[in-house]
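Student: I would like to learn how to read a few local features in a model like this one. Could we go through it together?

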Amino acid sequence: SDHMENIYGYLMKYTNLVTGWQYRFFVLNNDAGLLEYFVNEQSRHLKPRGTLQLAGAVISPSDEDSHTFTVNAASGEQYKLRATDAKERQHWVSRLQICTQHHTEAIGKNNPPLKSRSFSLASQGSANSPGVQRRPSQNAVSFFNVGHHRLPTGKRVPIMQPDHLVDVREMMSQAEGQQRDLIRSIECLPVSGHLTSLDQDLLMLKATSMATMNCLNDCFHILQLQHASQQKGSLPAGTTISWLEPKISLANHFKNGAAQNFPAEINKPASVREEQSIAEPCQLTREPEEINPDEEVEDICDDKEDDLGAVEEQRSVILHLLSQLKLGMDLTRVVLPTFILEKRSLLEMYADFMSHPDLFIAITNGTTPEERMIRFVEYYLTSFHEGRKGAIAKKPYNPIIGETFHCSWRMPKSDVATDTGSNFSAHSPSEQVTLSKDLEGQTEPDYYTVKFVAEQVSHHPPVSGFYAECVERKMCVNAHVWTKSKFLGMSIGVTMVGEGLLSLLEHGEEYTFSLPCAYARSILTVPWVELGGKVNINCVKTGYSASINFHTKPFYGGKLHRVTGEVKQNMTNTVVCRVQGEWNSVLEFTYSNGETKYVDLTKLSVTRKRVRPLERQGPFESRRLWQHVTESLRDGDIDKATEHKRALEERQRNEERLRAETETPWCTKYFLKEGDGWVYHKPLWKTVSAVQTQQTDTN
């Protein structure tokens, strides 16, 4: 190939916590399939300081920044490298991936399928450690050759016939039985003493044996597809060969690997049967429902997520889950265990970002474009702290398609920051009457109302739309978010793809903004949340913009949750405000006039949202939809919560399958597709525009 040339050059290599990053001279040897490095270019003629076999390796660009990437060899060794810029990283990554693919395929062609061989699980390993020891000298080639028998040169590998596939399936069934026996043997060990069922090596053995069986099932599926293609001459149209979802359900290992037998349909709780029997969403009314804020009551739910017990007790499930994942793997279709869930839907989590409505409403009260941009940045940075429930990184429920969440906030007008000279009566009298919908003769309420609605508009990919408005202040925000999650080793990264739009109709201004990435760190011990990435806020009309950096913690030293940013006037390139601090603690704002303002997020008052009681909510509103899962989690009954969760997910899959068979498109309720985004069906800017048009016609 034209791209199989040898390349070389300097890269930074992460060595250890003490030494940190060091420049090393790297050489990609395409012919040998090796990545070698030397102390410097002058020592290139000497023995390499390190060598990685690239056959079977995984090359992964890092989400931390645009310069870093990792090379994960099949032997388990890893190089963490950093290029000088994004272009150089792409050059190295693409060449490494081409070389890796070439040598991996070469090994696959040179090794025929496995032959049957019997072995005893009890005879493997030593008495001192049940874990399998990897030999230091084991390279990628020997790793791929384990258990393979070479045929004499020149002999062709026979095509597998159907009866051979039956034999393979039988052998795999026997292996699955042995794997189950292994799990039971480990779990029968005492919980204390010299060798216990919680021994880390044994837990890892359970996890890797489970992953091995899942991998074998995937390979068997590929063999079946290959046989079908040989029978028909080619693969059926639309067929893809890819890694499938785990064949062995995580639910069967929730109690340290013990199998669960759920009761038959007739014995299931009524709530589960109800979840499975709710009518097709498209058979329900898809007409938008106008929620009256007067029907909503102040929320008294206060589910903090500080329970460490479940994480510690379910360590074997976490190990099993990790063993199935690969670096960079998309987690959208991976079923996660129930005990790591928060007691709320992702749609409600978006609503909790609005828990400071006083700061939201105060944006439009700024007397100048500069002040309004700074106020928006202040509101934006204070929203993430309340959006997280507790310090533990738990995951909200994945909304099912068609799920909605409604709420509102009432904010006393006296609590909203104003400025001398700011005009609260910017509307004409007729606009005030039309927009607030107050009855003639009624006194105007002494509070502002902020209404919120969210809807899951797509399942694959998972996209949520949400919208909030304050009619009295003629301001609204519309956003759509696609959550893309990836496995990053000992952490999980979630990229929030999408865009938000804040409209200040009083001033004719629109502010576009993006969202940072989120990371769940230390997922094997006590998981915690970190935000990272650069976000931008921009107002085209005024020429003001903001650039905000959420900094992830470096490998050595540094602070957690650090954020920095600046607001500038684009025309003059003048910085008018700088911000620094922690997004979950204290923020420091420094203005161009030299003044400094500190915001302690832990002391900011939180306005409780208002929601309709469960009995008044529709069947697809978040809290009613997930109520049985939430109640079971509150009671600590993980098994029951899993059963309810599975019922909801199974119903969603059945509905999706039926729509595909009948070629029935999904109809959203509150949001409409516009280009690449989703927009609320009746945004405030349309309402205000209609009112102004009506007034013009009347005059």
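**Reading burial, pairing and phi**

Tutor: Gladly! Of the 699 residues of the protein chain, 45% count as buried. Please keep in mind that this is a predicted model. The chain holds 15 helices and 26 strands, and about 36000 Å² is exposed, with carbon and sulfur atoms supplying 52% of that area. Among contacts with a separation of 6 or more, 63% are between residues 24 or more positions apart.

Student: Let me start with a strand. How many residues of β6 are buried?

Tutor: The general idea comes first: side chains in a regular strand alternate between the two faces of the sheet. Now the case here: β6 covers residues 68–72, and five of the five are buried, so the strand is largely enclosed by the rest of the structure.

Student: Which residues of β6 lie on one side, and which on the other?

Tutor: T68, T70 and N72 are on one side, while F69 and V71 are on the other. Both faces of β6 are covered, since each of these residues is buried.

Student: Which strand does β5 join, and in what sense do the two run?

Tutor: β5 (residues 58–61) is joined to β6 by four bridges, and the two run antiparallel. To follow the register, take I59, whose bridge partner in β6 is V71. You can also look at S60, which stands opposite T70 of β6. β5 and β6 form a hairpin, with six residues between them.

Student: And how many bridges link β6 with β7?

Tutor: Five bridges, again in the antiparallel sense, pair β6 with β7 (residues 78–82). Here the bridge partner of T70 is K80 in β7. The hairpin of β6 and β7 has five residues between its strands, and among them G76 takes a positive phi near 105°.

Student: Let me try a helix next. How many residues of α13 are buried?

Tutor: The count is six of the eight in α13, residues 627–634, so this helix is largely enclosed by the rest of the structure. The buried ones are Q627, H628, V629, T630, S632 and L633. After α13 comes G636, with a positive phi near 75°.

Student: How should I read a positive phi at a residue that is not a glycine?

Tutor: As a rule, most residues other than glycine have a negative phi. H561 departs from that sign, with a positive phi of about 60° although it is not a glycine. Another case is E663, also not a glycine, with a positive phi of about 55°.

Student: Where does H561 lie, and is it buried or exposed?

Tutor: H561 sits in the loop between β19 (544–551) and β20 (562–569). Its relative accessible area is 12%, under the 20% cut-off, so H561 is buried. Leaving aside neighbours within four places in sequence, H561 is in contact with W528, V529, E530, G581, E582, W583 and N584.

Student: Then where is E663, and is it buried or exposed?

Tutor: Look in the loop between α14 (638–662) and β25 (671–674) for E663. The relative accessibility of E663 is 71%, over the 50% cut-off, so E663 counts as exposed.

Notes
Residues are numbered from 1 along each chain as its sequence is written. This is a predicted model: local features need pLDDT of at least 70, side-chain atom pairs count only at pLDDT 80 or more; totals for chains, interfaces and linings use all residues. Side-chain values use heavy atoms; hydrogens and water are left out. Buried means under 20% relative accessible area, exposed over 50%, partly exposed in between (1.4 Å probe, protein chains only). Two strands pair if DSSP finds at least two bridges between them. Contact means heavy atoms within 4.5 Å. Accessible areas come from the Shrake-Rupley method with a 1.4 Å probe; for residues, only the protein chains shown count as cover.
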